[in-house]
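Visitor: Could you take me through this entry and tell me what each term rests on?

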Amino acid sequence: MNLMFLGPPGAGKGTQAVRLAEQFNIPHISTGDMLRQEIKNGTELGIKAKSYISEGKLVPDDVIIGMIKERIAKPDASKGFILDGFPRTREQAQVLEGLTRLDAVINIDSRDEQIIKRICGRRVCSECGAVYQESQLEDKNSCPKCQGRVYIREDDNEETIRKRLSEYKKKTMPLIDFYTERGILHNIPDNGTIDDITQNILAVLHTIYDSY
Ligand code: AMP
């Protein structure tokens with residue numbers, strides 16, 4: 001099962017990808033999470049990526065492509081994977097096509113106002129990476145799962161979100177056509193609860209895989 005989530009920042013790609021990865025026992029591969037880890041570890045790649053991320057720009061293709069090639073070649077990805085946040089450009093999509101086959105692309109279709117509100121309320125655990133809405137947290141500073149410190153991503157402020165949305169529209173949205181042409185794009189409207197959206201995605205997957 002090789003799946004990919006497409007959609008603007010803050011559409012809930014990560015939230016849904018984590019759920020499906022748990023259900024199907026395949027890795028959730030988020031290039032954003034990988035880059036944040038590189039930054040945390042102070043690696044050369046992390047240092048290169050940091051300024052792009054904090055300015056709301058896409059990290060150059062060559063950096064991302066090298067990183068993802070290594071990741072999907074790991075043994076845990078041999079039975080399938082869920083890509084979240086990759087590919088984000090036509091060039092990345094073309095490279096991916098040369099590496100492996102995607103069964104389905106799930107495109108979460110959200111409105112700008114919905115996204116801005118959601119990203120401004122987003123909180124992330126510095127230890128386990130769990131993602132919350134501020135309104136869900138009783139203790140605003142602590143993760144309910146692991147008690148790790150909860151923080152606001154540096155790029156989750158309104159000014160940077162607007163830049164990220166504009167990058168998305170210019171560079172990533174063309175992938176909707178790219179995957180529609182290949183007959184593997186499935187649109188999921190960003191309506192209802194997180195559970196409703198998971199159910200809608202599972203219904204689509206049911207039509208692709210006879211049994212799971
Ligand atoms: P995300 O966590 O997916 O919202 O990604 C956070 C930031 O990481 C993005 O705004 C980009 O700067 C960078 N990034 C993540 N994935 C990619 C990618 N596939 N191509 C280029 N930049 C990326």
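Guide: What follows concerns a predicted model, and we begin with the ligand before turning to a helix.

Visitor: What makes the pair formed by a nitrogen atom of the ligand and the side chain of Thr31 a polar contact?

Guide: A polar contact is a pair of N or O atoms within 3.5 Å, and the ligand nitrogen is 2.8 Å from an N or O atom in the side chain of Thr31, so the pair qualifies under that cut-off. A polar backbone atom of Val59 is 3.0 Å from a nitrogen atom of the ligand, while an oxygen atom of the ligand is 3.1 Å from an N or O atom in the side chain of Arg153. The protein covers 96% of the 480 Å² of accessible area that the ligand has on its own.

Visitor: Which residues come nearest to the ligand, and which helix gives the largest share of the shell?

Guide: Of the 16 residues around the ligand, those that come nearest are Thr31, Arg36, Lys57, Gly85 and Arg88, and helix H2, residues 31–40, supplies the largest share of the shell with four residues. By class, the shell has six nonpolar, four polar and six charged residues.

Visitor: How do you know where the buried residues of helix H8 lie around its axis?

Guide: In H8, residues 174–181, the residues Leu175, Ile176, Phe178 and Tyr179 are buried. Seen down the axis of H8, its buried residues fall within an arc of 160°, so they line one face of the helix. The buried residues of H8 pack against several elements, including strand S1 and helix H5.

Key
Residues are numbered from 1 along each chain as its sequence is written. This is a predicted model: local features need pLDDT of at least 70, side-chain atom pairs count only at pLDDT 80 or more; totals for chains, interfaces and linings use all residues. Side-chain values use heavy atoms; hydrogens and water are left out. A residue is near a molecule or strand if one of its heavy atoms lies within 4 Å of it. A polar contact is a pair of N or O atoms within 3.5 Å; within protein, one must be able to donate a hydrogen and the other to accept it, and residues adjacent in sequence count only if both atoms are side-chain atoms. Accessible areas come from the Shrake-Rupley method with a 1.4 Å probe; for residues, only the protein chains shown count as cover. Helices (H or I, at least four residues) and strands (E, at least two) are DSSP runs, numbered from the N terminus. Ala, Val, Leu, Ile, Met, Phe, Trp, Tyr, Cys and Pro count as nonpolar, Asp, Glu, Lys and Arg as charged, and the others, Gly among them, as polar. Buried means under 20% relative accessible area, exposed over 50%, partly exposed in between (1.4 Å probe, protein chains only). The arc is that of the directions from the helix axis to the C-beta atoms. Contact means heavy atoms within 4.5 Å.
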